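Trainee: I've got the model open and I'd like to go through it with you. Can we take it one question at a time?

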Amino acid sequence: MSGFDIFAIVLVLLVIVTLIAGVKTVPQGYDWTIERFGKYTQTLSPGLNLIVPYFDRVGRKINMMEQVIDIPEQEVITKDNATVTVDGVAFFQVFDAAKASYEVANLTQAITVLTMTNIRSVMGSMDLDQVLSHRDEINERLLRVVDAAVSPWGVKVNRIEIKDIVPPADLVEAMGRQMKAERVKRADILSAEGQRQSEILRAEGAKQGQILQAEGRREAAFRDAEARERLAEAEAKATTAVSEAIAKGDVAALNYFIADKYIKAFGQFADAPNQKIIMLPMEAMSLLGSLAGIGEIAKATFGESAASAAAAARRPGSVPPTGGTPPTVPPRQG
Amino acid sequence: MTDMFISLGTWNWLIFGFILMALEVLAPGVFLFWLGLAALLVGLISFGVAVSWQIQLVMFALFAAAAVPVWRRLARPKPDASASPFLNKRTEALLGREFTLEKPIIDGNGTVRIGDTVWRVAGPDTPAGTKVKVVQVDGANLTVAAA
């Protein structure tokens with residue numbers, strides 16, 4: 001085999017090896033860094049790339065897609081000394097392959113540790129209740145701090161989420177009891193308030209009723225008074241009428257009325273079913289006087305006109321011979 | 001085997017060329033395609049001009065090496081032809097878009113809220129709530145100017 005034979009074969013091999021070394025196909029989603037004699041020179045983007053063989057070599061192959069890291073579980077002591085177990089996830093994306101390759105030694109580990117320490121500092125500054133109820137705020141604060149910290153590495157942290165916050169079991173149990181007590185308290189207060197309200201309503205109803213009754217009595221009293229006034233007026237008129245009648249007629253007629261009323265009242269006493277003994281006042285004796293007066297009237301009447309009793313009845317001021325209501329004084333109820 | 005190889009003569013180059021091209025389809029790496037092209041070219045030339053196998057090998061090596069600058073020239077005009085030009089280039093997609101400043105830019109740094117995350121932006125000092133436009137991107141760093 002001649003030297004030219006060997007040369008030709010070696011040349012072909014050399015060209016093939018060189019081409020393999022110089023042509024780089026970078027897949028979508030990755031950036032490759034190129035180092036010339038170990039020093040970073042450029043970044044290859046996805047697609048077909050050529051590098052200078054023998055001088056350049058591929059350094060790091062950086063994933064440019066958004067990635068998720070699990071933040072491992074850790075114990076955090078809150079401001080009020082409760083120990084809670086916390087884990088989370090962080091989403092980040094590399095924007096500068098060169099910085100992510102050479103500014104930080106282990107990117108994912110760095111982000112993980114950074115996030116863990118920041119979780120401790122953010123949650124350590126909050127009470128347990130705040131920690132449990134302000135997850136969004138924790139996420140937001142973590143995001144701002146961690147994102148600023150990873151910025152020199154050409155990385156952007158898009159999201160940090162606290163997955164689980166687990167307080168110790170006895171604390172959970174105590175929280176459950178607290179919540180139950182809270183609800184029982186609310187229920188008690190509500191029912192007490194209902195009772196109070198109902199009693200107020202009832203008392204108000206009673207008050208209103210009494211007021212209305214009093215008003216009724218007042219009204220009735222006013223009307224009673226009016227009635228009495230009216231009665232007095234009527235009696236006054238009646239008296240006037242009687243006195244007029246007496247002035248015109250015989251004074252003795254007056255005695256008739258008194259006697260008439262007296263006897264009627266006496267009759268009522270007698271009719272009363274449970275009245276067996278009737279005590280008569282001393283003045284009852286004057287009734288006899290009245291009767292004597294009646295006799296005089298009768299004598300006078302019959303003496304003047306014995307022929308016609310009807311004629312006597314027609315005389316003004318006199319009394320009809322038979323009984324009946326007195327013509328001048330209408331019967332009134334008090 | 002060797003006899004058959006020799007008896008085939010220049011056909012070997014064409015066969016070799018097509019095999020390389022077929023391999024390129026199976027295992028994409030692009031350079032196999034050029035080697036195949038070079039082999040085909042050598043085969044076609046050896047049909048017309050009788051050259052020794054050593055010369056054929058040298059020609060193959062030269063054609064293969066020459067394919068690289070030729071490809072670079074051809075490929076140069078549109079290096080980024082893609083249906084999704086901003087794939088994995090999230091910040092570049094933000095170029096020219098307007099956002100409301102969430103925190104004021106003080107000493108050149110502020111924040112805007114894009115999507116459900118917060119981006120730190122650089123630019124001239126501006127009060128919060130101002131509309132700003134992304135004028136420059138560099139990795140994860142956005143530069144904004146008042147819109």
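**Walking through the model**

Mentor: Let's begin with A:D260, which counts as buried because its relative accessibility is 18%, and buried here means under 20%. Keep in mind that this is a predicted model.

Trainee: Which residue forms a salt bridge with A:D260?

Mentor: Look along helix α7 (residues 252-271) of chain A, which holds both partners, 4 residues apart, about one turn of the helix. The partner counts as partly exposed, at 48% relative accessibility. The closest N and O atoms are 3.6 Å apart, and the residue is A:K264.

Trainee: And A:R141, which residue does that one form a salt bridge with?

Mentor: Again you can stay in one helix, since both residues lie in α5 of chain A, 4 residues apart. A:R141 is partly exposed at 33% relative accessibility, and its partner is partly exposed at 36%. With the closest N and O atoms 3.8 Å apart, the partner is A:E137.

Trainee: What does the salt bridge between A:R144 and B:E102 join?

Mentor: The closest N and O atoms of the two are 2.8 Å apart. A:R144 is partly exposed at 21% relative accessible area, and B:E102 is partly exposed at 30%. A:R144 lies in helix α5 of chain A and B:E102 in strand β1 (residues 98-106) of chain B, so the pair joins two chains.

Trainee: Which residues are linked with A:R144 and B:E102 in a network of salt bridges?

Mentor: Start from the bridge between A:R144 and B:E102, with its N to O distance of 2.8 Å. The network takes in one further residue from each chain, and those are A:E140 and B:R113.

Trainee: How many salt bridges are there between chain A and chain B?

Mentor: Don't mix this up with the search of the whole structure, which finds 17 over all chains. Polar contacts are a separate tally too, with 13 residue pairs across the interface, both residues at pLDDT 80 or more. For salt bridges between chain A and chain B, the count is 5.

Trainee: How much area is buried between chain A and chain B?

Mentor: In contact terms, 35 residues of chain A meet 33 residues of chain B. In chain A, the residues losing the most area are A:L50, A:F95 and A:R144, together 20% of what that side buries. Carbon and sulfur atoms give 65% of the buried area, and the total is about 3,000 Å².

Trainee: Which element gives the most residues to the side of chain A that touches chain B?

Mentor: Several elements supply at least two residues each: α1 (3-22), β1 (23-26), β4 (47-50), α5 (135-150) and β8 (155-166). By class, that side has 20 nonpolar, 7 polar and 8 charged residues. The top contributor gives 11 residues, and that element is α1(A).

Trainee: Is B:T111 buried or exposed?

Mentor: B:T111 sits in strand β2 (residues 109-114) of chain B. Beyond four places in sequence, its contacts include A:R144 from the other chain, along with B:E102, B:W119 and B:V121. Its relative accessible area is 9%, and the cut-off is under 20%, so B:T111 is buried.

Trainee: Which element gives the largest share of the largest nonpolar core?

Mentor: That core has 36 residues, and A:L107, A:M123 and A:V155 touch the most other members. Elements giving two or more residues include β6 (67-77), β7 (83-94) and α3 (107-124) of chain A. The largest share is 8 residues, from α3(A).

Trainee: What does A:L107 touch, leaving aside its neighbours within four places in sequence?

Mentor: A:L107 is one of the three residues that touch the most other members of that core. Outside its sequence neighbours, A:L107 is in contact with A:F92, A:V94, A:A100, A:W153 and A:V155.

Trainee: Where is A:Y54, with its positive phi?

Mentor: Most residues other than glycine have a negative phi. A:Y54 has a phi near 75 degrees, and it counts as exposed because its relative accessibility is 56%. A:Y54 is in the loop between β4 and β5 (56-63) of chain A.

Trainee: What is the phi of A:N81?

Mentor: A:N81 lies in the loop between β6 and β7 of chain A. At 65% relative accessibility, A:N81 counts as exposed. Its phi is positive, near 65 degrees.

Definitions and conventions: Residues numbered from 1 in each chain as written. Chains lettered and ligands numbered in written order. Predicted model: local features only at pLDDT ≥ 70, side-chain atom pairs only at ≥ 80, totals over all residues. Heavy atoms only, no water. Contact = heavy atoms within 4.5 Å. Buried area = accessible area lost by both parts, 1.4 Å probe. Salt bridge = Lys/Arg side-chain N within 4 Å of Asp/Glu carboxyl O. Polar contact = N/O pair within 3.5 Å; in protein donor to acceptor, adjacent residues only side chain to side chain. Nonpolar A, V, L, I, M, F, W, Y, C, P; charged D, E, K, R; others polar. Core = buried A, V, L, I, M, F, W, Y, C linked by side-chain atoms within 4.5 Å. Buried < 20%, exposed > 50% of the residue type's maximum accessible area, 1.4 Å probe, protein only.
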